[in-house]
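Please examine the structure shown here together with the explanation that accompanies it.

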Amino acid sequence: MSRPSILQKIASSAAVATPAPVARQVRGLSDRAIAWLFVTPTILLLLAINIFPLIWTIQLSFTNYKANRAARGEKFIGLRNYERVLGDADIWISLQTTAHFLIWTMLLQVLLGFGLAWLLNKQFKGHSFWTTLILLPMMLSPAVVGNFWRFLYQPQIGLFNYIIAFFTGADPSSFQMLGDVNLAPWSIVIVDTWMWTPYIMLICLAGLRSIPDYIYEAAEVDRASKWRQFWSITVPMVLPFLMLAVLFRAIENFKMFDLVVELTNGGPGSVTELASINLKREAFEKWRTGYSSAFAIILFVTVFGVANIYVKALNAVKQR
Amino acid sequence: MSENTTLSLRRYFRRNFWEWIATVIILFGVVMLMQPFLLVLYTYSFVVILTGTVLFIIVSHFPE
């Protein structure tokens with residue numbers, strides 16, 4: 001059976017299934033009205049769950065509202081919350097911790113993800129099995145990952161400590177990845193890299209597989225070296241994919257919460273207290289709702305600004 | 001408005017040039033927000049990021 005006839009069959013069966021009163025009503029509507037009819041529920045849902053909370057948060061950021069004392073009401077205090085947040089050394093330090101986490105996770109994930117994709121793109125025996133195996137961490141819940149890495153990092157019984165001890169000769173219980181102020185920031189970087197490198201790898205692999213073979217064949221004819229082919233063909237053609245993956249991961253890591261809460265809960269002290277953990281503490285432990293709303297708006301504007309740049313860069317790369 | 005004035009305005013309000021300026025302002029603001037050296041830079045970072053972002057939104061409507 002040809003393709004149009006299948007579509008006609010589906011359309012006619014849908015027309016038969018439509019109740020007569022509904023069909024009569026729809027027949028009287030223009031295409032534009034029908035389009036609006038379909039789009040309106042989505043727009044309303046977006047307004048309710050995205051736009052309304054955003055506007056409310058902006059409004060709360062100019063007040064001294066405390067959610068645990070809602071009966072007390074709220075008083076307009078202008079930009080005082082913003083002044084306090086932007087003069088708070090604790091929040092400044094939490095943003096530095098976030099920067100450390102963001103820079104190292106992105107760097108390691110891009111290098112490892114691209115490297116793995118490069119290897120898996122070589123059609124060796126069993127590459128499908130290895131692809132599936134490497135993708136497994138990405139499919140796990142961050143709560144589960146956080147929990148079992150806590151066991152892996154355990155100084156007495158943790159596998160991680162034993163592996164490090166095997167290579168360095170140190171005593172496995174002589175260091176604590178999660179309890180040491182110098183090692184804890186690296187422990188969250190390791191776990192996030194382990195979990196999300198497959199994501200970067202998957203997108204890079206899609207980019208690598210989209211490069212037609214004839215481009216490499218033409219380069220071979222022109223006697224281009226493998227090194228030259230890599231920098232002149234592979235990298236430029238994978239770059240849009242890679243940039244998109246980095247954008248998604250960078251925004252996600254800027255907001256990182258669940259994995260780090262499960263692993264260290266911001267500790268020891270506050271050396272792994274990322275901006276989102278600090279924000280949660282201000283909002284739901286100290287109940288400074290207005291103050292935390294101002295902090296949330298600052299984070300939102302930062303992500304929004306960076307996302308704008310990224311979209312521009314992505315378009316520029318695609319047009320090249 | 002004469003054609004010459006329109007042309008000179010078009011030359012001045014080019015999207016690409018202004019987008020680069022907005023991009024530099026945003027990136028500078030982000031660095032100010034997360035740098036570990038001076039609290040005063042952190043204090044003024046939000047104003048810089050906000051200015052860059054608003055500028056970016058405005059200039060993205062300029063002609064190519």
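The paragraphs below treat chain B, its contacts with chain A, the domains of chain A and one residue of chain B.

The model is predicted, and every value given here is computed from it. In chain B the secondary structure consists of three helices and zero strands. Read from the N terminus, the order of elements in chain B is therefore simply α-α-α, with helices counted as DSSP runs of at least four residues.

The overall dimensions of chain B can be described in two ways. Its radius of gyration is 15 Å, whereas a compact globule of 64 residues would have a value near 11 Å. Along the principal axes, the C-alpha atoms of chain B fill a box of roughly 50 × 15 × 15 Å. As to burial, 27% of the 64 residues of chain B count as buried. The contacts inside chain B may be sorted by separation in sequence: among those between residues at least 6 apart, 57% join residues at least 24 apart.

Attention now turns to the place where the two chains touch. Here 17 residues of chain A are in contact with 17 residues of chain B. On the chain A side, the elements that give two or more residues are α5 (89-121) and α14 (289-319). The most is given by α14(A), which provides nine residues to the side of chain A that touches chain B. By residue class, this side of chain A divides into 11 nonpolar residues, five polar residues and one charged residue.

The domain assignment of chain A adds a further level of description. It gives domain 1 (3-44) and domain 2 (88-319) in chain A. The C-alpha centres of domain 1 and domain 2 of chain A are separated by 45 Å.

A single residue of chain B may serve as a detailed example. Thr23(B) is located in helix α2 of chain B, which covers residues 15-34. Is Thr23(B) buried or exposed? Thr23(B) counts as buried because 21 other C-beta atoms lie within 10 Å, and the cut-off for a buried residue is 20 or more. Which residues is Thr23(B) in contact with, once its neighbours within four places in sequence are left aside? They are Ile309(A) and Lys312(A). Within chain B, Thr23(B) can also be related to Ser45(B): the two residues are 22 apart in sequence, and their C-alpha atoms are 14 Å apart in space.

Definitions and conventions: Residues are numbered from 1 along each chain as its sequence is written. Chains are lettered from A and ligands numbered from 1 in the order in which they are written. This is a predicted model: local features need pLDDT of at least 70, side-chain atom pairs count only at pLDDT 80 or more; totals for chains, interfaces and linings use all residues. The radius of gyration is taken over C-alpha atoms; the globule rule is 2.2 Å times the number of residues to the power 0.38. A residue is buried if 20 or more other C-beta atoms lie within 10 Å of its own, exposed if 12 or fewer, and partly exposed in between; C-beta atoms are placed from the backbone. Two residues are in contact if their C-beta atoms, placed from the backbone, lie within 7 Å. Ala, Val, Leu, Ile, Met, Phe, Trp, Tyr, Cys and Pro count as nonpolar, Asp, Glu, Lys and Arg as charged, and the others, Gly among them, as polar. Domain bounds come from an automatic or database domain assignment.
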